[in-house]
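Visitor: I am new to this structure and would like a close look at a single part: the place where the two chains meet. Could you walk me through it?

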Protein chains: 2
Amino acid sequence: MEVLARDGEARAGLLDTPHGRVQTPTFMPVGTKGTVKGLTPADLRGAGAGIILGNTYHLYLRPGADLVREAGDLHAFSGWDGPMLTDSGGFQVFSLAKTRKISERGVRFASVYDGSTHEFTPELTTRVQEDLGADIAMVLDECPPANAARGYHEDSLRRTARWARRCKDAHSREDQALFGIVQGGLHEDLRRESLERTVEIGFPGYAVGGLSVGESREEMLQTLAATALMLPWESPRYFMGIGDPVGILQVISLGVDMFDCVLPTRLARHGAALTPDGRLNLKNSRFRRDFGPLDPECSCETCTGYSRAYLAHLVREDELLGHRLLTLHNVHFTANLCRQARREISSGTYAAWARAWISRYETAR
Amino acid sequence: MEVLARDGEARAGLLDTPHGRVQTPTFMPVGTKGTVKGLTPADLRGAGAGIILGNTYHLYLRPGADLVREAGDLHAFSGWDGPMLTDSGGFQVFSLAKTRKISERGVRFASVYDGSTHEFTPELTTRVQEDLGADIAMVLDECPPANAARGYHEDSLRRTARWARRCKDAHSREDQALFGIVQGGLHEDLRRESLERTVEIGFPGYAVGGLSVGESREEMLQTLAATALMLPWESPRYFMGIGDPVGILQVISLGVDMFDCVLPTRLARHGAALTPDGRLNLKNSRFRRDFGPLDPECSCETCTGYSRAYLAHLVREDELLGHRLLTLHNVHFTANLCRQARREISSGTYAAWARAWISRYETAR
């Protein structure tokens with residue numbers, strides 16, 4: 001990728017993919033099963049989403065990578081023709097599966113859908129992601145709990161590095177980038193080891209995984225800070241699993257270019273909207289008769305077309321349109337936050353702006 | 001309304017409302033709680049919906065007519081600025097309430113939401129509908145089961161006529177039309193009596209109620225045929241509760257101008273799509289790998305943007321986008337069917353066209 005501007009450690013850049021150029025830093029809305037819940041590709045474009053994410057675990061099980069390949073790829077199947085990334089499925093295996101068994105060969109797990117047994121190997125998840133055909137694929141990694149024993153993290157990161165090598169060896173699509181993943185828990189020296197092993201294999205981009213999984217925000221940022229600075233300057237840096245506005249601004253300040261999380265879309269389905277003045281729970285009775293816009297500073301379809309009172313009604317009645325309109329807003333809001341961040345980085349004013357933004361977000365009610 | 005063309009008993013016309021002109025015959029999608037589930041006003045316009053319906057029963061209970069009035073009216077609250085009709089709530093009281101008590105004064109019932117007790121009187125439902133501010137409001141009627149005793153139908157239709165008079169007396173909005181409702185079960189003489197009593201009071205439009213509630217289709221059509229022909233020629237005729245394509249074509253052939261039903265939108269949420277070749281259940285395994293469009297003859301966003309395989313995937317996974325896209329299609333399909341019907345009526349070819357259309361719909365698989 002091309003780094004256009006740097007402000008402290010924060011970077012603004014451009015990432016070219018076969019399906020278009022992505023301006024970074026960028027938030028990737030999660031299209032778990034080949035759809036960002038409730039939204040069409042046109043909605044996503046309108047909301048300013050630059051790149052979206054698909055979950056290999058889910059798509060492998062439902063509808064199956066073979067079926068997606070028959071449709072052409074996930075772009076053709078879902079109608080989204082912009083940049084796309086698929087994860088390797090590893091995280092879901094470790095977070096969703098009730099039973100799983102890790103070996104050098106791969107990880108066996110029971111499907112969350114029907115309990116059937118499957119095995120993800122580096123070779124398989126690479127092939128599945130080639131079938132899905134996203135612009136960016138991820139290596140299969142293990143994501144142990146942050147508080148696992150140090151010895152476990154050591155073994156795990158080394159196995160993840162060996163898996164990464166096998167993924168790279170198995171990867172053959174030239175129109176798809178394969179990113180490596182750095183693990184190592186909260187141990188800075190293990191993070192360094194994982195990073196060195198991964199960079200040694202050599203990938204066009206690197207993710208920091210295994211954070212934002214239960215440790216404190218302070219621990220997360222400290223570990224990320226120690227890791228991100230060692231990543232190759234010219235490669236995109238992807239922080240896996242952050243989507244709250246404050247967290248986004250914090251990881252951007254540490255030099256992260258890309259991040260994803262279900263939070264903005266999941267919050268929406270639970271009736272919560274992101275605004276510069278904090279998170280609004282539309283189920284709160286104070287919104288019942290509030291006929292103003294959801295976020296007066298937002299230009300999305302939801303904020304320009306509907307009142308808080310109407311949205312509160314939809315949310316209380318669990319109406320599909322409520323889920324859809326709040327999802328649209330939260331995606332637009334998050335994309336716009338990244339757009340603002342890029343502008344501030346380019347102006348060299350990122351740190352002060354982010355500090356003021358977070359202060360307003362956290363103190364408002 | 002202005003009748004532009006007649007073909008047999010079928011009519012094509014224009015109905016002017018404060019929020020625009022409606023071409024008839026027209027299907028009214030049901031926006032139960034102030035939203036046609038999953039769709040925005042822009043979607044509805046794009047799908048060709050000419051007039052939509054709101055349910056007074058639901059809106060009175062949630063969010064409350066006073067709140068809607070504070071927003072301006074249901075148009076302002078929901079963002080739909082086209083023609084709109086509200087029912088009186090009577091049908092929901094009789095179909096949803098577990099307990100209800102009818103008196104000359106009105107009907108007491110327990111809310112389906114929280115069991116709280118309410119009473120709908122002709123005066124109240126008229127005032128509530130004035131608060132909602134639709135272009136067309138309906139009188140409060142009782143809708144007895146078709147198979148109720150003849151004596152019951154007799155008493156009921158006379159009470160409904162007395163209620164209709166009270167509604168008219170209570171109605172004061174000059175920018176809102178109040179329609180009468182003809183009841184009488186399956187008894188042609190009682191239908192005639194109800195019609196005469198209602199027309200005697202005098203309304204700018206008339207509905208035929210109490211059909212499509214469990215009787216056979218043949219009985220329904222026979223009763224409608226005997227009723228519709230006696231309705232004033234110059235007044236719009238609204239058949240309450242039909243939305244399947246065959247039923248629509250049948251009631252149009254009997255001179256009906258307007259009709260509503262949750263069927264097209266409810267079917268969509270259950271994974272079924274309406275097409276000229278019959279109803280398709282997207283859960284059927286034959287669609288899993290069908291990469292063609294849902295309805296090759298349809299120009300809606302769903303049919304031009306997505307494959308049956310993708311829609312089948314969304315439906316199987318109960319994805320919001322599946323509900324939305326199928327709802328959009330079914331509304332578009334039904335609106336388009338009415339548009340075709342208008343054209344055929346204008347050409348004087350309605351009967352043969354409708355026969356051929358029904359034959360294809362019913363024999364395809």
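Guide: Happily! Let us start with two residues, A:Lys37 and B:Glu319, both of which are buried. Please keep in mind that this is a predicted model. A:Lys37 and B:Glu319 form a salt bridge, and their closest N and O atoms are 2.7 Å apart. The pair crosses between chains: A:Lys37 sits in the loop between β5 (30-31) and α1 (41-46) of chain A, while B:Glu319 sits in the loop between α13 and α14 of chain B.

Now let us step back to the whole meeting place. On the chain B side, 35 residues are in contact with 35 residues of chain A. The size of an interface is often given as the accessible area lost when the parts come together. Here the area buried between chain B and chain A is about 3,200 Å², and carbon and sulfur atoms give 55% of it.

Charged and polar partners have their share too. Between chain B and chain A there are twelve salt bridges, and 18 residue pairs are in polar contact, both residues having pLDDT 80 or more. Which parts of chain B supply the touching side? Helices α1 (41-46), α3 (65-71), α4 (74-78), α13 (308-316) and α14 (320-347) of chain B each bring at least two residues to the side that touches chain A. Of these, α14(B) gives the most, with five residues. You have already met the loop between α13 and α14 of chain B, the home of B:Glu319.

Salt bridges can also join up into a network. One such network links A:Lys33, A:Arg62 and A:Asp114 with B:Glu317.

Over all chains, the count comes to 56 salt bridges, so for contrast here are two that stay inside chain B. The side chains of B:Arg108 and B:Glu119 meet at 4.0 Å, N to O. B:Arg108 lies in strand β9 (residues 107-110) of chain B and B:Glu119 in strand β10 (residues 117-120) of chain B, eleven residues apart. B:Arg108 is partly exposed because its relative accessible area is 42%, whereas B:Glu119 counts as buried at 15%.

The other pair is B:Asp277 and B:Arg360, whose closest N and O atoms are 2.7 Å apart in a salt bridge. This pair links distant parts of the chain: B:Asp277 is in the loop between β16 (272-275) and β17 (278-281) of chain B, and B:Arg360 is in helix α15 (residues 350-363) of chain B, 83 residues away. B:Asp277 is partly exposed, at 32% relative accessibility, and B:Arg360 is partly exposed as well, with a relative accessible area of 33%.

To return to where we began, A:Lys37 and B:Glu319 are both buried, and their salt bridge runs from chain A to chain B. With the structure turned so that this pair faces you, α14(B) is a good element to look for next, as the one that gives the most to the side of chain B touching chain A.

Note on methods:
Residues are numbered from 1 along each chain as its sequence is written. Chains are lettered from A and ligands numbered from 1 in the order in which they are written. This is a predicted model: local features need pLDDT of at least 70, side-chain atom pairs count only at pLDDT 80 or more; totals for chains, interfaces and linings use all residues. Side-chain values use heavy atoms; hydrogens and water are left out. Contact means heavy atoms within 4.5 Å. Buried area is the accessible area (1.4 Å probe) that two parts lose on being put together, summed over both. A polar contact is a pair of N or O atoms within 3.5 Å; within protein, one must be able to donate a hydrogen and the other to accept it, and residues adjacent in sequence count only if both atoms are side-chain atoms. Helices (H or I, at least four residues) and strands (E, at least two) are DSSP runs, numbered from the N terminus. Buried means under 20% relative accessible area, exposed over 50%, partly exposed in between (1.4 Å probe, protein chains only).
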